[in-house]
Structure formats: C-alpha cells, structure tokens
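Let's take a walk through this model, going from the whole chain down to a single side chain. Have the viewer open as you read.

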Amino acid sequence: MAEKIIGTDIAPQDLVAKITGRAKYAEDFRADGMVFAKLLLSPMPHARVRGVDTTKALAMPGVIDILRADEVRQIEGRPGEASLTDEPLYEGQPILAVAAETEEQAAAAIEEIEVDFEPLPFVLDPLDSLRPNGPNAYTGGNRFGGGEFSELKWTDADFEEIEAGRMPNGEAAVEWTKGDIDTAFSESDLVLEESIVHQSLTHHPMETRSAMMYWENGKLHAFVSTQSAQRTKYAIAGTLNIDPEDVILVAEYCGGGFGSKISGNTHMEVPAVFSRKIGRPVMLRITRYEENYIGRARPGFQSWLKMGFLDDGTCNAIDLYIVQESGPFGAGDFNTAGMIADLVYTPQNMRFRGIAMYTNTPPKAAQRGPGGAQIVIMMEPILEKAARQLGLDRLEVHLKNAPDADVGFGPRNSTLTSVYAKEALEKGAEIFDWAGKQELSGRREGSKVTGIGIGLSPYTAGSRGYDGLMVIHPDGKLYVHQGLGNLGTHSIMDTARPAAEILNLNWDQVELVWGDSSRGMPRSSVQAGSQTTHAHSRANHAAGMDARAKVLEVAAQTLGGSPSNYDMDNGRVFRRGGGASMTFAQVAERAIELGGRYDGHELPDNIHATTVPAANMLAGQGLMGVARDNYGGSGGVYSWVAGFALVELDEETGVVDIKEYVAVTDCGTVLHPRSLGAQVLGGSIQGMGQAMTQRWVFDPKWGVPFANRLYTARPPGILDVPLDMKADAVGIPDPQTPVGAKGIGEPPVGAGGAAVTSAVADAMGGHCLCRTPLTPDIILAELEGLSQPFTLEQHIG
Amino acid sequence: MAIIRDMIPAFELFQPTTVEDALALMAEHGEGGWVLAGGLDSYDWFKDRIKRPEAVIDLGGIDELKGIIDGQDGLEIGAMTTLTEIVRHERVRSEYILLADAAEHVATPQIRNQGTLGGNISQDTRCWYYRSGWACYRAGGNTCYAAAPQAMNREHAITGTSRCVAVNPSDTAPALVALDAKMTVRGRRSSNVYDAEDFFIGPATDITRMTVLEPGDLLTQIDIPSEWANAHFYYEKVRDRGSWDFQLVSVAAAFKTSGNTIDDARIAVNGVAPFPVRLDAVERLVKGAAVDEALAIEAGEIAIQGSRPLKHNEYKQPMMSNLVRRAVRSVA
C-alpha cells in the first residue's frame, strides 16, 4: 500500500542543495566571455538628464560599452517604469549601465561618467502633493486618468484639519458604499474616530534581483531570481517583444521575493538588451544598496477611520478613508484594504474612500498581504479600544463580527468558497489560553505592563483553471513538470502530492521537474497572491486523474478486460482480485508504442495554448498526464490566520517585548504540516517587524531615503520574537476544490502584526498610538506626554 | 562624478605580525593608510567608496594585540581581542561583568566573533548623513545636515554637540568609562596612556575624529584596573530591535556599596552625545547616599540637565533619565 503523502512531513527535494550550498542562484551562474554590468543611479528624487559625458569612462581599461535609456523600452505618456531612464522619478532610479570585463572596472567607470541633471520639484508625502500649490511627482501633474496628467489639490480648509492632526476629507478617487452609514452611526452605541498612519517599508528579500543573460542562436538564455517561472518566461518575452519559445529561463531557486519579483522585474531587461548589444553574456549583480531602491516597497497609508458599534459588540458601521503613498508608478493596496476591512468586521454599513498619490520615492508593489496586512495592523487596536469601552471580551467581539461562508463583501458584494475564521479564532484562543491570559492583561511588574492582543487576517489564497503536465517514464517514475517558481514556500514540491496519491505512488517514485523552461513548463499561476497551493494542487489533481485513466486503459488494452477491472499501487497496475499486472515502466513503454493521446502526441483541446509547446517537447517520452483544472467553483478563495500575542511594554523605555505568540490558520486541507508552520510563523514574524521595527526614513528637504541597509531598515530578527511560537491549522477542507487545500503565504503577516499592535494598545490601557512602526521613541514620547514629532507625515517611513 | 556604492575599490593590503611593523607601515603610508581591526566599520566605508585608503594595514596577524592577561592590577586586554572572547572570559564574567554585558549587546554573534574591543571603541559614528558621504562638518564640509530644521535626527545627540550632532555608537565605550579603563596608545616614538573618558573626544576638540587616535597612532591595549572589580554593576541598552542594532541610549554604571548606601560610583551614558558621557553630577549626588526611589528619580533628572533635543529626539531625555534612574535603583 503506497504511503500517505498529503498531510505528512516530507523534506522538500531541494533541501540538501540549499543547505550544502550546491543550489545555484542567479548570480552563481557563469558563461564563457561573461562581462559584468553596473548601474548608475539617480542621486536626486526627480530630475531630467540634460547630458551625459561618457568619454572618460569608455576609455578606461576593461570597459566595453554603455547602455542608455533610449536603447530600452520606454513607456511614454503615462506613469510607467523603464529599466533605464533620462527622467528619474526617485533617488536610486537607474540612468544607464556600464559593461566591463570585471565588476570593479565597471564600478570605476561609473564614477568617471559626468551626468548633467536638471533637478525638478519632488514630493515624498502624498498630503504635500494634495496641498494647494503643493509639488507634483510628475511634471505634468499628480494624477493620471483618461490618457493625461492632471492636478488634484485639496482645499485650505481641508488642511486646517491636518494641522490639528486629523485627516482631511478631501476629494477621493475611489468611493463605494453599502447600507446607510449616517443612520448606522446615529444608531451606534459607541463611535470611535481615529487618524492612523502606516509606514512604507521595503521588501528586502535575502537574494537581490541579480540576473545573467546571453543570446545563442537567436535564443535568450536568462538566469534570474524570480518568484514565478513559466510566467516569468512570458514576461521577459513580452518586454523584449520576442517569441516566448525563444526564451530559455533558468530559475531553479529564489531567495525570497515577498511580492517584489512576481513575474520577473523591470531591470531584467538590462542584461538582456546589453548582451544583445555587445554579443557577450552579461551579469548584472544587484547589491543590497541597489536592492533598497529598485527592490520595491509596501505602500504607506495615511488614513482616517470611524467605526460604530452596538453595545453587544456588533460592528455597525465603518467609514474609512485611505491616502496611499504610491511611489512613482502606483500600487493597489488601498483598494484591497477597504475590502478586507469590510470582510473582517462585516459592517452592514460602510463607506470606503481612497486616493493613491504618486510620490518621488522608490517604487511600490505588492508585499505579502498587500493592503490586507496594513489594514488589520491599523484596525485591530481600534477593536481593542471599542471592546474595552463596551466592557466586552475582544474574542467575543471578533467572533460576533467575523464572517461565515455566506459573507458578501466589498463594492461588488464578493463571495468566498469557504470561511472558517471563527474556528481559527476559537482554536487559537484555546491554545493561547485567551480566557486565562485575560487575567494578565494590564498586569504591572515594576515598569513593565502586560498586554494581550488578537489579529484576525484574511487574504486571497487561490485561483483556478491552470494546467497540470506529467509523464510516467520507462524508468517507472512519475515526472511532474512544474511551471511554478521555487520561492522557498515548498508549494512547488507539495502541489505534486495529489498526483502521487491519485496514482498510489510513494513519494520516492515521483521526480519533480522545475526551474528550467527547456525541460517543459505547463501554463501556471504566478507564484503570488498565495495562489499556488490551491491552483496547482487542482491542476496536478486533474493531470493525475488523466494519467490514472490512461494507465488503466493501457493495462486493459495490453492485458485484456476493461479499465475498471484494474487498480494500481506502488508503481504497478494490476487486475483486481489477482492475475495479470504491469509495472509503470512497462506501462510507459506501452504508452509510447500506442502513441496518440497516451504519450502526448495528441493533446486535449482545452489546455492552454502556452502549455502546448511544453507538452509537445515531452511527447513520446512516456505516458503523459495532461489536463486543465476544470473543477470550477464560485467565489473568491481566502485563507485566514488568527494570531494571539502577549507582550510586555516597558513604560520607562518604550520597549515592547513579545513574549508569546500563537497562530491558527484556516487554509483548508494541510498538504505539508512542517512547511505550513514555517509559512504561518515566518509570515507572522514579518508582520511583527512591520508593526514594530521596520521602516524607511526620508530627509524631507533633500528627498532621499536613509535606512538603505538591512541594519538600518530593521527587519525583525530572531531575538525580536518569542522562542516558542505555536502554529496550528483548523484543517477543514475547502469544499470547492478536490484536494481541499488553500494557500497560506499572505494572511499571517497581518495576523502577527495586528496581534502585536492590539496587545500594545491593551498594555497602554486601550490607548491607540495609531502609527507604525511602534518604535521605543514613539511609545515613550506618548507615555511621557511629549509632543510627537509627527502627526500625519509619512517621512519616518 | 557619478556615485556608486557597494563595491570595494582595490587597495594594497599589509598584514604585519608585530606592532613595530604595523607602526612602521602606518608611518610610511600616513594619511593614505588605514588600520583594520575586525573590519565591521572599515568595510562599510570601503564598500561605499567614501573612505578610499591606498594601503590597508590589517592587525589580524599581530598576536601580541590579542588576548586577556591577568595583570598586576586588573586585566590587560589586547586591542584585537574579539568581543566574543571578552563575553566568554571567566574573570571578565566574574569580576567585571559590566564589560561582558556591554560586549554581549554588540550587534550579533557573528559580528562579535569578528569584531574587536579596540575596533568597537574606535569606530566612527553612524550618522546617516555622514555615512552617506554628505559633505558635513565631520567630513570636512561646512554644515551639519542632521541639525537642519527638517532633518531626520531621531538617533542623534541631545548633549555634548558642537556643530556636529552625531553620537558615539559603541556599546562597550560607556562600560570602559564606568570601569575607569586605561587605553594605551602607541606611536612610532611614544606611548601614552589615556583614561577612557579622555580617549573619546567630542567635536569641540576635533570634529573629524571620535577618539584621540591620530594618523600614526595605534591603540594597543585596554587595561581594566582592579579598583572596580566586583562592584555592583548595571548595564542597559535600549535599541529598536533585539540584535544588529546600535543603541538609542545606553547606560553603564559601577557602584561601590555598603548595604543600601552608595560609597562610590562611576556612571556613563552613550547614544546621547558624540562621545560617551560620564555623569559627574549624578555621581556626586549618589555618593554617600542611601538608595531609594526618590534618589533614583533625582539622579535621572540631574542626568539630563543641560541637554537639548533636536526636532525628532526629545524622547532621548526621558529615556536617558529613566536609564540612569534604573541604574541607581538597581543598588537598592
């Protein structure tokens, strides 16, 4: 009997290579004749290049050539990012690249290039851009719509509010409502109103976005760091306007992305174009300093929130306004934040208003739980305050407001496939001993005060309709071809498990093929939005079912009888009740003899066109399982994490020590418990850093960021979190997907961060600081009654 | 000239094995030479291409600069002794735990394995305007960007400033001041011993340096006199996160006590000035006094007298005051 594979701990296939250093990341690759490129970055937040003198640089030893903005794709007439530019929109935006025999020579040459920059007005803070006569991020204005730039400014009266530390209520770009908020607020027993600031923070994955590329016989060989794989190949082809089948993508390993490398990145274009120009392989190693600028960041929010509650804790109404700091090219977090607020607290009456403002800060992009993480980190302390004022238990307030499976939320009344948020809350409360810990809330020992908090965080966790592709080879093994990226989440391995179980194989009879497009990648989801566990457990389930049917048919055709007379186990197909049997090796050989649909020479009509080249590549190698996920379903797929934290706040230093943390997730069926724990706790730690330490700092006069290094950006370290954190899962399958599994990457961030911000508010007696990160200076200044240096400004990050 | 970072330019590397050879190399290369201890500060400068020495004189091969010796009067610590060795040293732990505590608060285990005591106390400030290569006073320019009205100066000084408002980043420096350590500085022709509190200098003395060390000078040894062995010690460092972070404010204190009474005290604070600040007035207050909460509070209040915050670091006043209060309170 083959082993149970789904729900068991199996070490991922790439583990040994990673821990022994054999794993090759993008910058580990070399090619004959390879040269190095370095980037010249803009020293100003907004400028125009009037002239460039490269004479000296080109004459330096080892220098081969220079690549300028007019040689790469430019996006004209609208906000859009080019890999090199003559109008930088943030400090650190690449202007040009130099290629030289060695990296040292390239760097030295950069220093000899004279660039004549014309400084232009810049803006860091969205509110400054909205101020009458305030600066704009673009020369044409601060807004873009209908094909042109325009200006949007709030009024002087709006800004009188800001002087008082309150959000103004100027014109919004996005607005939606449900119910009747005015009536709901008037009928509420408690109405709270807060202005809340959430910082912007960089992604800073451990591996920077280095890339090496060369051209050979008209094909581009690209060695890159990317979250996805099959989709990245298409993204590169799109950027270069070439046939995707002319891109050989190698991306076996990726040292993290957090949303910043979803399908490649803008600056991959540099080595591709430069290599084509000079006819030699080009390595572009991105340093930590460069990553800080071009490596993306989570957008910051300046927001105004009004919440109405009934005396039983029901959240009756939400009025939420978010101004988003969007960088030069925009981001969608604020819209998601509005939807998540509606989903978590289920007010029947809600108004959401939002406006995303362009700024001259490094570019923003999705960062693990984009929008959702920010909003729960901001709102959970308000819930703490409300429960306290209503004399209610926060857990009860959460349980009262958390949605059930019939929820409809957001402007389009979106629905979900399943919701077990309440089960996650209840299980988490049990493990954390919420009832017992209530006794500790507000306990004072010397200068230390204990606080406890809850963070409930949902996020998207699946998509549908992708393809699975696998082949049983004449060696008797199942080769599962994955078009996902190897982001480190293990979903690239774990989503093959359903196929193994369907074919009753042991895991050592399964080989995974990934990370090299020349070996065949089916149409896949991007490795983002926590889609892959759901999307590709389905796709591989479908292809596994196809392979199973074909194995039974081949057995019946070879040994007689009908397919239903046969079963399979442990790499052998056999007649039920005894008798003839075949090994999978024999089945594979027979499939090749039969040809047609059995060995992939005939393909299903409904698979994606982009799977066909990969399937054609593999045709004739064995018995092919290939299918599209046609399982269907209705509603969005969301997972949930309920986080519980206990903190000690030192009132004499402002330091918060996170002492305990428990997280329980509703992510459907658990494919791989150990990996799930790593995702849940790893994401939670990331959220704790977001809530407590990680930030950016800009000098408002010069418009440039500091905190450009890891130690100044301050992502959390292991000493910032409790040693013994606990993760668990509700474990109820999603009813709309055959394996029952949903994704998990995103929602832990908000849970970890919000449990902590909520616990800090509890330790402060229900007082909400309404700003992140909650660094010691901010907390101590509040406790000591000092004026806070910031009200609604974003500058501190 | 365009700016590029994160790429160390080539330099000539010398690896002497004796102090004499090191001093000779330093004399030979003068301003173009750079003395390298653990490299944690130096390589940051080199990577940023802001400090570009022609010759780097690596002290890593000089055995006579390494190790801790039981001296006639206390401990003699070679300047190249690693922070990890100090943290683990039996006698440091049993008699001078203040120094071990301070050393253990440096950055991370990896950095403590590589970083040295001499390097830790000789390191340059982390003011991000200065470290970004801006032409400030300390860098030879004619302004202080961090003191400008809109500047981001949450981590800067509230006292001891003179044009420059940067702070000393060392975790061990205040502990050495509290322990009344003596620094031996050797030049080619002379050797001087400085009290720890005189080793660190402020911008009023020389705005381009953090210590007395001038080109050609080599810090060779740090002596910890037995005078303060087994005193009652208190060390605390407040930082934004639990590792790999410089202090916002730190305090190091040594008290000689009889029961509840403080007979003698040495208290130093770092992160508040361009040098570790010895709190003479607080020491005078507490000497001979019985410790109670009122004394602790008063000590904290006196500690911050005369300090003046910048736009974003007013919090450092209560933080410093509270740390001093806690140090005094710890005696009770």
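What follows covers the overall build of one chain, the contact between two chains, one sheet and one residue.

First, some housekeeping: this is a predicted model, in which local features need pLDDT of at least 70, side-chain atom pairs count only at pLDDT 80 or more, and totals for chains, interfaces and linings use all residues. Residues are numbered from 1 along each chain as its sequence is written, while chains are lettered from A and ligands numbered from 1 in the order in which they are written.

**Chain A overall**

Chain A carries 23 helices and 32 strands; these are DSSP runs numbered from the N terminus, with helices being H or I of at least four residues and strands being E of at least two. The C-alpha trace of chain A spans about 85 × 70 × 50 Å along its principal axes. Its radius of gyration is 28 Å, which agrees with the value near 28 Å for a compact globule of 797 residues. That radius is taken over C-alpha atoms, and the globule rule is 2.2 Å times the number of residues to the power 0.38.

Buried residues account for 59% of chain A. Buried here means 20 or more other C-beta atoms within 10 Å of the residue's own, with C-beta atoms placed from the backbone. As for contacts (C-beta atoms, placed from the backbone, within 7 Å), 79% of those between residues at least 6 apart in sequence join residues at least 24 apart in chain A.

**Where the chains meet**

The contact draws 39 residues from chain A and 31 residues from chain B. On the chain B side, helix H13 (residues 316-329) gives the most, with 4 residues.

**A sheet in chain B**

Strands S9-S10-S11-S12 of chain B, in that order, form an open antiparallel sheet. Strands pair if DSSP finds at least two bridges between them. S9 and S12 of chain B each have a single partner strand, so one side of each is left without a neighbour in the sheet.

| Strand of chain B | Residues | Place or pairing |
|---|---|---|
| S9 | 232-238 | edge |
| S10 | 249-258 | 9 bridges with S11 |
| S11 | 261-270 | 9 bridges with S10 |
| S12 | 277-278 | edge |

Within this sheet, B:Val251 has B:Val269 in S11(B) as its bridge partner.

**One residue up close**

Which strand holds A:Leu305? A:Leu305 sits in strand S16 (residues 300-309) of chain A. A:Leu305 counts as buried because it has 21 C-beta neighbours inside 10 Å. Leaving out residues up to four places away in sequence, A:Leu305 touches A:Glu194, A:Ile196, A:Leu320, A:Met379 and A:Ile382.

Note on methods: Buried ≥ 20, exposed ≤ 12 C-beta atoms within 10 Å, placed from the backbone. Contact = placed C-beta atoms within 7 Å.
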